[in-house]
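Got the viewer open? Let's take a walk through this one together, one selection at a time.

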Amino acid sequence: MQAWQVHELGEPGEVMRLAEVPPPTPVEGQVLLKVRAANINFPDALMCRGHYQVRPPLPFTPGVEICGETEDGRRVIANPALPYGGFAEYAVADAAALLPAPEALDDAEAAALHIGYQTGWFGLHRRAGLRDGETLLVHAAAGGVGSAAVQLGKAAGATVIGVVGGAGKVAAARGLGCDVVIDRREQDVVAAVKEATGGRGADVIYDPVGGQAYAQSAKAVAFEGRIVVVGFASGTIPSPALNHALVKNYAILGLHWGLYNTKNPELVRHCHEQLTDLAARGAIKPLVSERVPLTGAAGAVQRVADGVTTGRVTVLPALEKGVTA
């Protein structure tokens, strides 16, 4: 089979190499899956660089989120068991963790449903307790993680303010349903949030960016607001001033979604049921901006790493065989 492999660490576009390799052999508790679609996540780029908390042995195949097909023809969502990731024709995954792919979504959309939307659901509902009528601020609202939070916020009845960088991403954020869109390159984010909320600030802030975005969040959060720290796509990990959180009466909440897979896997399945229902009702639908063949995976991962994409970019091995998914 064909698979992308990383033999040395560095930028994805430089270190990912397409190779002909034997299909992976499942160990006890695993299943072999034919990859129908593999969604690209920022951690894929971080793993190529050696900057992610999970460091698979070299050589490894990136790709942490797929829609796959079991040997008996079931369409499932899975997180491949590294080092045999999803940017390949076949991958392996833990049998106990397989989830049914929603019928309302095609392969590319189903592949993009899992990590970003689970993270959004846990962040907004489990951690922040987002309520109907509250105001939600989402940083990087047109990106893969942010776009999921926007849709989930709207589905929960929140007023959603999206922060993006650039005119093209403004249009994407509006299309996702943001009530207010702020272009951080052209506007003062804090002043714009205050203006949109009558000076009150945002009740819940969803931050997958860190760095300057977190500094803006601390200034734009409302009394008794909640800042959900999801990641650090900016590359800068902030150091919060806890005296400021005390004086202003807001909460800083961390979210590492992957922990729930071991700490409370039943809650992950419950979340998937909620997401499947929302997809069936049309309340959420992953924004897949690019569908690329397997041969285009390295360049696509690099674009995600560079932050120039909107929504999700998904690798479809069947595209090279003239099959759409």
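**First stop: the core**

Start by selecting M16, F122 and L136: in the largest nonpolar core, which has 81 residues, these three touch the most other members. Keep in mind as you look around that this is a predicted model. Now zoom in on L136 and show what surrounds it. Leaving out its neighbours within four places in sequence, L136 is in contact with L124, L130, A149, G153, A158, T159, V160, I161, V204 and Y206. Apart from that core there is another one, made of 17 residues, and I161, V189, A218 and V221 are among them. Two groupings like these fit a broader pattern: in soluble globular proteins, nonpolar side chains tend to be buried together.

**Next: the sheet**

Switch to a cartoon view and look for six strands in an open sheet. In what order do they come? Reading across, you get β10-β9-β8-β11-β12-β13, with parallel pairing. Select 180–183 for β10 and 251–254 for β13: these two stand at the edges with a single partner strand each, so one side of each has no neighbour in the sheet. Neighbouring strands here are turned by 20 degrees against each other on average, direction ignored.

Stay at the β13 edge and add β12, residues 221–229. Four bridges join β12 to β13, and the two run parallel. Pick out R226 to see one of the pairings: its bridge partner in β13 is A251. While you're in β12, click on E224 too. This residue isn't a glycine, yet its phi is positive, at about 60 degrees.

Another positive phi turns up at N249, near 65 degrees, again in a residue other than glycine. You'll find N249 in the loop between α9 (242–248) and β13. Is N249 buried, partly exposed or exposed? It counts as partly exposed, because its relative accessible area is 37%.

**Helices over the strands**

Bring up α4, residues 114–127. This helix lies across β8 (135–139), β11 (202–207), β12 and β13, and runs at about 150 degrees to β11. Then add α8, residues 212–220, which lies across β8, β11, β12 and β13 too, running at about 155 degrees to β12.

Keep α4 on screen and select α11, residues 265–280. The axes of α4 and α11 come within 10 Å and cross at roughly 100 degrees. That makes the two helices roughly perpendicular. To see where they meet, show side chains: from α4 come H114, Y117, Q118, W121, F122 and R126, and from α11 come L267, V268, H270, C271, H272, Q274 and L275.

**Cysteines**

How many disulfides does the structure hold? Zero. C271, which you just saw in α11, has C67 as its nearest cysteine partner by sulfur, 17 Å away. C271 counts as buried because its relative accessibility is 0%. Select C48 as well: C48 is also buried, with a relative accessible area of 0%.

**Last stop: two cis prolines**

Finish with a pair of peptide bonds. The bond from L58 to P59 is cis, with omega near -10 degrees, and P59 sits in the loop between α2 (42–49) and β4 (66–69). Then move to L82 and P83, which are also joined by a cis peptide bond, with omega at about 20 degrees. P83 is in the loop between β5 (75–78) and β6 (90–94).

Note on methods. Residues numbered from 1 in each chain as written. Predicted model: local features only at pLDDT ≥ 70, side-chain atom pairs only at ≥ 80, totals over all residues. Heavy atoms only, no water. Core = buried A, V, L, I, M, F, W, Y, C linked by side-chain atoms within 4.5 Å. Buried < 20%, exposed > 50% of the residue type's maximum accessible area, 1.4 Å probe, protein only. Contact = heavy atoms within 4.5 Å. Pairing = 2+ DSSP bridges. Axes fitted to C-alpha atoms, helices over the stretch in contact; angles between N-to-C directions. Disulfide = S-S within 2.5 Å. Parallel < 35°, antiparallel > 145°, perpendicular 65-115°, else oblique.
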